[in-house]
Amino acid sequence: MSKLIVHATSISCLIGGTWHGVLISGPSGVGKSDLALRALSKGCALISDDYSVLWRSGDHLYAGAPDTIKGRIEVRGVGITTLRTRHFSRISLTVHCQNSAVERLPEPEFSDILGLKIPTLRLNPREASSVAKLLISLTQTVSAPSIRLD
């Protein structure tokens with residue numbers, strides 16, 4: 001099984017009795033950890049902050065934390081802290097964070113990760129509604145399976 005380490009924060013949210021992972025990517029300083037922290041305050045759990053280990057098992061993508069940062073998150077202005085975590089989660093959605101405005105009615109977008117097409121949402125993480133948008137998008141996509149590219 002091949003693993004990939006990416007510069008991304010990952011969280012897991014309980015929807016319909018099942019934990020679903022979200023991979024949050026974007027440039028340094030865009031607000032990935034802040035978005036994750038606000039999602040954690042809504043009941044989600046941290047998988048990994050800043051770097052995530054990804055692997056594929058069958059038709060599913062999973063994320064976990066590198067051992068060196070497991071269970072910790074950087075809270076800007078507070079420091080490194082320990083929060084509720086899950087060891088790993090199946091990734092159901094990727095969120096690409098950007099500082100620019102997001103298209104109002106975007107076409108469906110997917111990210112190709114380890115040969116799987118994962119539904120992708122573009123967000124400006126600084127908007128007050130960004131966590132609600134993340135949770136709505138995740139809820140809408142959990143019934144759609146990942147698509148193999150081969």
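# Disulfide, burial and backbone in a predicted model

Author: In this predicted model, the count of disulfides comes to one.

Reader: What makes the pair C13 and C44 a disulfide?

Author: The sulfur atoms of C13 and C44 are 2.4 Å apart, and since a disulfide is a pair of cysteine sulfur atoms within 2.5 Å, the pair meets the cut-off and is therefore called one. The link joins distant parts of the chain, with C13 in strand β2 (residues 8–15) and C44 in the loop between α1 and β4, 31 residues apart. With 100 degrees about the S-S bond, the link of C13 and C44 is right-handed, and both cysteines are buried.

Reader: Why is C97 in no disulfide?

Author: The nearest cysteine sulfur to that of C97 belongs to C13 and is 13 Å away, whereas the rule asks for a pair within 2.5 Å, so C97 is not counted.

Reader: How do you know whether C97 is buried or exposed?

Author: The relative accessible area of C97 is 0%, and because buried means under 20%, C97 is called buried.

Reader: Why is S89 called buried, and what does S89 touch?

Author: S89, whose place is in strand β9 (residues 88–97), has a relative accessible area of 3%, and that value falls under 20%, so the word buried applies. Leaving aside residues up to four places away in sequence, S89 touches S12, W19, H20, G21, I47, L61, Y62 and A63.

Reader: What makes the pair of S89 and G21 a polar contact?

Author: A polar atom of the S89 side chain lies 3.3 Å from the backbone nitrogen of G21, and the cut-off for such a pair of N or O atoms is within 3.5 Å, so the distance satisfies it.

Reader: How do you know that the buried residues of α1 line one face of the helix?

Author: The buried residues of helix α1 (residues 32–40) are K32, L35, A36, A39 and L40; seen down the axis of α1, they fall within an arc of 140 degrees, and therefore they line one face.

Reader: Why are D50 and L114 called partly exposed?

Author: D50 has a relative accessible area of 33% and L114 one of 28%; partly exposed covers what lies between under 20% and over 50%, so both values belong there. D50 is found in the loop between β4 (45–48) and β5 (52–57), and L114 in the loop between β10 (109–113) and β11 (116–123). Although D50 is not a glycine, its phi is positive, about 80 degrees; L114, also not a glycine, has a positive phi of about 50 degrees.

Technical notes. Residues are numbered from 1 along each chain as its sequence is written. This is a predicted model: local features need pLDDT of at least 70, side-chain atom pairs count only at pLDDT 80 or more; totals for chains, interfaces and linings use all residues. Side-chain values use heavy atoms; hydrogens and water are left out. Buried means under 20% relative accessible area, exposed over 50%, partly exposed in between (1.4 Å probe, protein chains only). Helices (H or I, at least four residues) and strands (E, at least two) are DSSP runs, numbered from the N terminus. The arc is that of the directions from the helix axis to the C-beta atoms. A polar contact is a pair of N or O atoms within 3.5 Å; within protein, one must be able to donate a hydrogen and the other to accept it, and residues adjacent in sequence count only if both atoms are side-chain atoms. Contact means heavy atoms within 4.5 Å.
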